[in-house]
Amino acid sequence: TILKTIDGGTNSIQEIRKDSFPITIFPVPASSKVTIETSFPGEKKIMTVYYSSGQEIFEEEWNGPIMQLDISHWKVGLYFVRLTNGQSEVWGKIVKS
């Protein structure tokens, strides 16, 4: 996994995995809402969010290239986002401040 900043390193992270599709999550860090953008294929995708301890905290079906999440009630920390279309998956990170 390679992480690269896409705007000078202050507001978003794009995670690139070999043979996969990019996922962009911003702002980084976030306190109330995050936007997730991807070119991951498939009309129906499942997004699952895990706390850094591995505990699953959120799962939802996703039908578009952009989604906003309200994270205001989440505790401060690092979260991992898994997006799957049933055949492939891509991972990203959310930093809650």
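**Exercise 1. Determine what share of the contacts between residues at least 6 apart in sequence join residues at least 24 apart, and set this beside the make-up of the chain.**

Solution. In this predicted model, 45% of the contacts between residues at least 6 apart in sequence join residues at least 24 apart. The next step is to list the elements: the protein has 9 strands and 0 helices, so that reading from the N terminus gives the order β-β-β-β-β-β-β-β-β. Turning to the surface, 35% of the 97 residues count as buried, while the accessible surface comes to about 5600 Å², with 50% of this belonging to carbon and sulfur atoms.

**Exercise 2. Find which residues of the largest nonpolar core touch the most other members, and which elements give two or more residues to this core.**

Solution. The largest nonpolar core holds 19 residues, and those that touch the most other members are Val34, Ile36, Met47, Leu69, Val81 and Ile94. Two or more residues of this core come from each of strand 3 (23-26), strand 4 (33-38), strand 5 (45-51), strand 7 (66-70), strand 8 (77-84) and strand 9. Taking isoleucine 36 as an example, and not counting residues up to four places away in sequence, one finds that isoleucine 36 touches Ile23, Thr24, Ile25, Met47, Trp62, Pro65, Ile66, Met67, Leu69 and Val81. As a general background, nonpolar side chains in soluble globular proteins tend to be buried together.

**Exercise 3. Describe the surroundings of lysine 96, beginning with its element and ending with its contacts.**

Solution. Lysine 96 belongs to strand 9, which covers residues 89-96. Lysine 96 is buried yet has no salt bridge, and the nearest side chain of opposite charge, that of aspartate 70, is 8.0 Å away, whereas a salt bridge would require a distance within 4 Å. The side chain of lysine 96 does, however, reach two backbone oxygens, that of serine 31 at 3.2 Å and that of tryptophan 74 at 3.5 Å. When residues up to four places away in sequence are not counted, lysine 96 touches Ala30, Ser31, Ile71, Ser72, Trp74, Lys75, Val76, Gly77 and Tyr79.

**Exercise 4. Decide whether glutamate 56 is buried, partly exposed or exposed, and place it among other residues.**

Solution. Glutamate 56 is found in strand 6, residues 56-62. Its relative accessible area is 44%, and because partly exposed residues lie between the limits of 20% and 50%, glutamate 56 counts as partly exposed. Leaving aside neighbours within four places in sequence, glutamate 56 is in contact with Thr48, Val49 and Tyr50. Finally, the C-alpha atoms of glutamate 56 and tyrosine 79 are separated by 9.6 Å, although these residues are 23 residues apart along the chain.

Conventions:
Residues numbered from 1 in each chain as written. Predicted model: local features only at pLDDT ≥ 70, side-chain atom pairs only at ≥ 80, totals over all residues. Heavy atoms only, no water. Helix = DSSP H or I, 4+ residues; strand = E, 2+ residues; numbered from the N terminus. Buried < 20%, exposed > 50% of the residue type's maximum accessible area, 1.4 Å probe, protein only. Lys, Arg positive; Asp, Glu negative; His and termini not counted. Polar contact = N/O pair within 3.5 Å; in protein donor to acceptor, adjacent residues only side chain to side chain. Contact = heavy atoms within 4.5 Å. Core = buried A, V, L, I, M, F, W, Y, C linked by side-chain atoms within 4.5 Å. Areas by Shrake-Rupley, 256 points an atom, 1.4 Å probe, with all protein chains shown as cover.
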